[in-house]
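Got the structure open in your viewer? Let's walk through it one selection at a time.

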Amino acid sequence: MKIDSIDIRYFAADFSSVRTVLEHNKTLPWLSVAQSISGNYKIGLNGGDLVSTGKMGAFIAPAFVQQRIIHEPENGFMEFQYCFIDAVVNEIFSLEEIFSFPVTVGSDTGERLYSLLKDAIETSRDKELSDIQKILKHKKNSILILELLLPLATHISGDMENRYIAHTVNYIKKNYLRKITTETITRIANMSKTVFFDKFKEATGTTPVRMITELRLKNAAKLLIYSDKSVQEIANLCGYEDFLYFSKLFKKNFSLSPLHYKDKNKEYGVSESCNLV
């Protein structure tokens, strides 16, 4: 697949520290990159084996993947920094639909990553910068981080070229907060229902319903962390009139209820974000 554009839609960066061994499980709606400055991370994705980053190493976790993270301090202290990136390829596909990243990167890549994350965090915390200045600097930060990591990724093969499917995916990603019917998307794809669902799964690796759900929940997770809106309001904004159904669906995908997810991530120290659209 020819890559014509990569647009950064969302970026956040921060740092923190722990003094005891800490283990937690989480699922996030963005690509996560976390680096141990001192101490060590152990990371397992979707129930897989734990692997270590080592000092100055980092892990990369795709969006909507269950992360089991263990912080291991060195001499009673571990300092780490991290960022979240939401990028769109060719105005349609998420980064993870096109590229498969290694779970960990070593200290050789880590040295450059350290400088890039440090600069991004300083930008986030600089109270003298205007919002526009932060947006521009964060766009540069995120591009440089991807420029460092993308050469380490593997291009995911698959038939993504079908222009009708691509057009349908584009429609879904622009209208996922509205009600989207099977009749509408099969008409856009110019295919029968049977052919469309087979082709869609072959091209994207998922179903239209699952794609819509992930887009809505990604938006909901962002609002839970970075807005003061109630869970009920966020459910409505993300296309769910049935609050109980939204809560059940959210917990199924993130392993936490919406309220617990909101409290947990604010407690974890996720700070300032930057929308780059």
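Start with the lining of the second largest pocket: its residues split into eight nonpolar, three polar and three charged. (Ala, Val, Leu, Ile, Met, Phe, Trp, Tyr, Cys and Pro count as nonpolar, Asp, Glu, Lys and Arg as charged, and the others, Gly among them, as polar.) A pocket here is found on a 1 Å grid over the protein atoms alone, as an open set of points where a 1.4 Å probe fits, with protein on both sides within 12 Å along at least five of seven lines; lining residues have an atom within 4 Å of a point.

Before you click further, know that this is a predicted model, in which local features need pLDDT of at least 70 and side-chain atom pairs count only at pLDDT 80 or more, while totals for chains, interfaces and linings use all residues. Residues are numbered from 1 along each chain as its sequence is written, and side-chain values use heavy atoms, with hydrogens and water left out.

**Stop 1: inside the pocket**

Select I180, P208, V209, I212 and R216: of the 14 lining residues, these lie nearest the pocket's centre. The volume is about 280 Å³, taken as the space filled by probe spheres set on the grid points, which are joined across faces, edges and corners. Now colour α5 (182-189) and α7 (208-226), since each supplies at least two lining residues. (Helices are DSSP runs of H or I with at least four residues, strands are runs of E with at least two, and both are numbered from the N terminus.) The largest share of the lining, five residues, comes from α7.

**Stop 2: I212 and its surroundings**

Stay in helix α7 and pick I212. Is I212 buried or exposed? At 13% relative accessibility, I212 counts as buried; buried means under 20% relative accessible area, exposed over 50%, and partly exposed in between, using a 1.4 Å probe and protein chains only. Leaving aside neighbours within four places in sequence, I212 is in contact (heavy atoms within 4.5 Å) with I172, Y176 and I180. Try a C-alpha distance too: I212 and R178 are 9.8 Å apart in space, and 34 residues apart in sequence.

Next, hop over to K179, in the loop between α4 and α5. K179 counts as exposed, at 76% relative accessibility. Draw a line from its C-alpha to that of G239: 7.8 Å separates them, although they are 60 residues apart along the chain.

**Stop 3: the cores**

Go back to I172. Beyond its neighbours within four places in sequence, I172 is in contact with I180, I185, F200, P208, M211, I212 and L215. Now show the largest nonpolar core, with 43 residues; F11, C83, I85, L95, F101, I145 and I172 have the most contacts inside it. Helix α2 (residues 107-125) gives the largest share of this core, five residues. Apart from it lies another core, of 36 residues, including W30, A34, I234 and C238. (A nonpolar core is a set of buried Ala, Val, Leu, Ile, Met, Phe, Trp, Tyr and Cys residues joined through side-chain atoms within 4.5 Å.)

**Stop 4: salt bridges**

How many salt bridges does a search of the whole structure find? Eight, each being a side-chain nitrogen of Lys or Arg within 4 Å of a carboxyl oxygen of Asp or Glu. Here are some to select.

- **D14 and R125:** their side chains meet at 2.5 Å, N to O. D14 lies in strand β1 (residues 6-18) and R125 in helix α2, so the pair ties together parts 111 residues apart in sequence. D14 is buried at 2% relative accessibility, while R125 is partly exposed at 46%.
- **K173 and E97:** the closest N and O atoms are 3.1 Å apart. This pair links helix α4 (residues 163-175), home of K173, to helix α1 (residues 95-98), home of E97, 76 residues apart. E97 counts as buried, at 18% relative accessibility.
- **E214 and R210:** here too the closest N and O atoms are 3.1 Å apart. Both residues lie in helix α7, four residues apart, about one turn of the helix.

**Stop 5: positive phi**

Finish in the loops. N75, between β7 (67-72) and β8 (78-89), has a phi near 55 degrees, a positive value in a residue other than glycine. N75 is exposed, with a relative accessible area of 80%. Then pick S255, in the loop between α9 (243-254) and α10 (258-268): its phi is near 65 degrees, again positive in a non-glycine residue. S255 is partly exposed, at 42% relative accessible area.
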